[in-house]
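Q: Could you take me through one part of this structure up close? I would like to see how its strands are ordered and what packs against them.

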Amino acid sequence: MALRRMRNRAVPAETVPVIPTEVIDGGAIPDNDPLFALLLATGGPVEVDRITITSPALDEIRQQGIQLIVPLISQGELIGTLSLSRRLSEQPYSTDDRKLLAGLAGQVAPAIRVAQLVRQQEAQAKERERIEQELRVAALIQQTLLPKELPQLPGWNIEAYYQSARAVGGDFYDFIPLTEGRIGLVIGDVTDKGVPAALVMATTRSTLRSIATQHDDPGKVLALANESLVPEIPPAMFVTCLYGILNPETGDLVFANAGHNLPYVRSADGVRELRARGMPLGLMPGMVYEVNSAKLDLGETVLLTSDGIVEAHSADGEMFGFDRLMELVGKDQEEEDLISQVLEELRRFRPSDLEQEDDVTMVAIRRASSALESASAFGDEPGLISTFTYPSSSGNERRAMDEVADVVAGLGMNGDRLERLKTAVSETTMNAIEHGNHGDPAKLVGVDVLASTKRILVRIRDQGTAPVPAALIPNLEAKLAGEQGPRGWGLFLIEKMVDVMRTATNDGHHTVELEMSREGD
Amino acid sequence: MPGTKFTASVRKEASGSIIDLGGDIDRSAGVDLAAAYDDATGSGNGTDPVVLNFSQVDYINSTGIAVIVTLLAKARAEGRPLRAYGLSPHYEEIFQITRLSDFMSIHHNEPEALALT
């Protein structure tokens, strides 16, 4: 007796039911073979000799000397056959034999069907797991390579948003520190999805990073990146990418574009596009990239985006589109959080039950209109407002004090609390000049002012290596009695003046951090 | 920007001497302040008080505190009261934090500082 299996559309080829070892695997009967329909129609045992149709499967069955075929049918589906060759007794199959076989087939068929379904589900679960695993790898590559921290530029608020689609596209963005405080801005999108896209993204990112630090011309950077990527990228893939160099002091942005979405600038007059022509990276060698420049004025925001926004679809299949995005950037100049505005509009446009088709990436770079605005945009986490450096010569503690005071007064601090912070800044800077840097004018003292909605921090850094001693309470009686020197008031005063004083020594620097709450100002 | 140069000039009144201070008080003020004190107390007058007028002082740092501590130690050794007026609220607070105000009385104005005997 031989059990044949049918190719069943619902069962992938590799997920055949378990077949007992004594059974001959005669191969499947294709579901377009006339025999398939015949067996399904008959429903019971069929004698091969009596079948009159022409069928390649039947020819094969005949060759194997099979006399009787018993279809296994479960829920109207032909899931296999029992094939019997000549009886050992050489006698034909009797009516009783057929009844017995029909009964057997009736019981076997559902059991085999169950086995098939279990196999099928196991296989699907495995496939799902494989796909999930690949998605995890792609997501991991992407998360590892996207910047962990946003750059802190005095007078600028930088925000980034990245939401991967389920299939993880190849979006990326990057900030590359350059000389003279300038910063390289990158946003890009690799065609394709999943691990291949993530790997191309990784290659593009590191290529741009190494080239960007060697050339000041963004067009040259993209051209060199293209030359290097063409042989690296699979033929069907390419990378769109915008590269710009921002000078935070002047607001000048010089940029080139390799086929990426145009950046938009939100300004007092509405919106403007930053255009520059160029082909995507990795397509063909010898590309040239147009370079243009723009100036970001106080209060202006430049928005860099990926395809995931303009190509998002509504329930009706309408695309979000460039016009809608541009219009959105152009209105509500009072609103500072452009990314949230775009996300909100996107949520309205695309129903939440519709799966996100592509990665959504945005980088918004806003030039603050004032120090107060910078601080409020930082929220609870203090961000850099101003930074100063001073040579270590006596008197510069007064400069530091006055310059920090100007910034902090701009943040709304005044009266007693401003005076206290001034004294603390002056004392700390004097310690940095005299003790940390030993009065060597070649050694610089760095002073950073940071602020959040709640706090103001002043960090004062010197090149000292010995830890800052703990502040002692000076013994005034002993000093007045001449038993101690008259000095030793600095650290004591600093601690008394500010809400919190912290000190840290590492990497050849001392840092003293002075913290004042902004409440009550 | 460097601060304002320290100045100290002495006025003698019937009930004591006044040293009018100006500019910044830091360690560089030490010599001039000591000279002014000697000038104020040089002609005898027993233990008449010396009054420091801070109303034209813009800035005092910790080395300036040390200069004042030195002066205060000298006055105490001589049994001479040292008094102060014209401090801004901020520096008055600093005189309290450093406890200088425990050893030199702080006054609102010159008549009040001189009246106390």
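**The five-strand sheet of chain A**

A: Happy to. Let's start with one pair of residues: Thr301(A) sits opposite Arg366(A), which belongs to S14(A). Keep in mind that this is a predicted model.

That pair takes us to two neighbouring partners, strand S13 (residues 301-305) of chain A and strand S14 (residues 360-367) of chain A, which pair in the antiparallel sense over five bridges. In general, strands in a sheet are paired through backbone hydrogen bonds, in either a parallel or an antiparallel way.

Stepping back, S13 and S14 of chain A are part of an open sheet of five strands, ordered S5-S14-S13-S10-S11, with antiparallel pairing. At its edges are strand S5 (156-163) and strand S11 (270-273) of chain A, each of which pairs on one side only. From one strand to the next, the twist averages 20 degrees.

Now for what packs on this sheet: helix H8 (residues 338-349) of chain A does, and it touches S5, strand S10 (264-267), S13 and S14 of chain A. The direction of H8(A) makes about 145 degrees with that of S14(A).

If you would like a helix to look at alongside, try H1 (residues 34-42) of chain A, whose buried residues are Leu35(A), Phe36(A) and Leu39(A). These residues lie on the same side of H1(A), because they cover an arc of only 105 degrees around the axis. Their cover includes strand S2 (46-47), helix H2 (56-63), strand S3 (66-74) and strand S4 (77-85) of chain A. After H1(A) comes Gly43(A), with a positive phi near 80 degrees.

Conventions. Residues numbered from 1 in each chain as written. Chains lettered and ligands numbered in written order. Predicted model: local features only at pLDDT ≥ 70, side-chain atom pairs only at ≥ 80, totals over all residues. Buried ≥ 20, exposed ≤ 12 C-beta atoms within 10 Å, placed from the backbone. Helix = DSSP H or I, 4+ residues; strand = E, 2+ residues; numbered from the N terminus. Arc of directions from axis to C-beta. Contact = placed C-beta atoms within 7 Å. Pairing = 2+ DSSP bridges. Axes fitted to C-alpha atoms, helices over the stretch in contact; angles between N-to-C directions.
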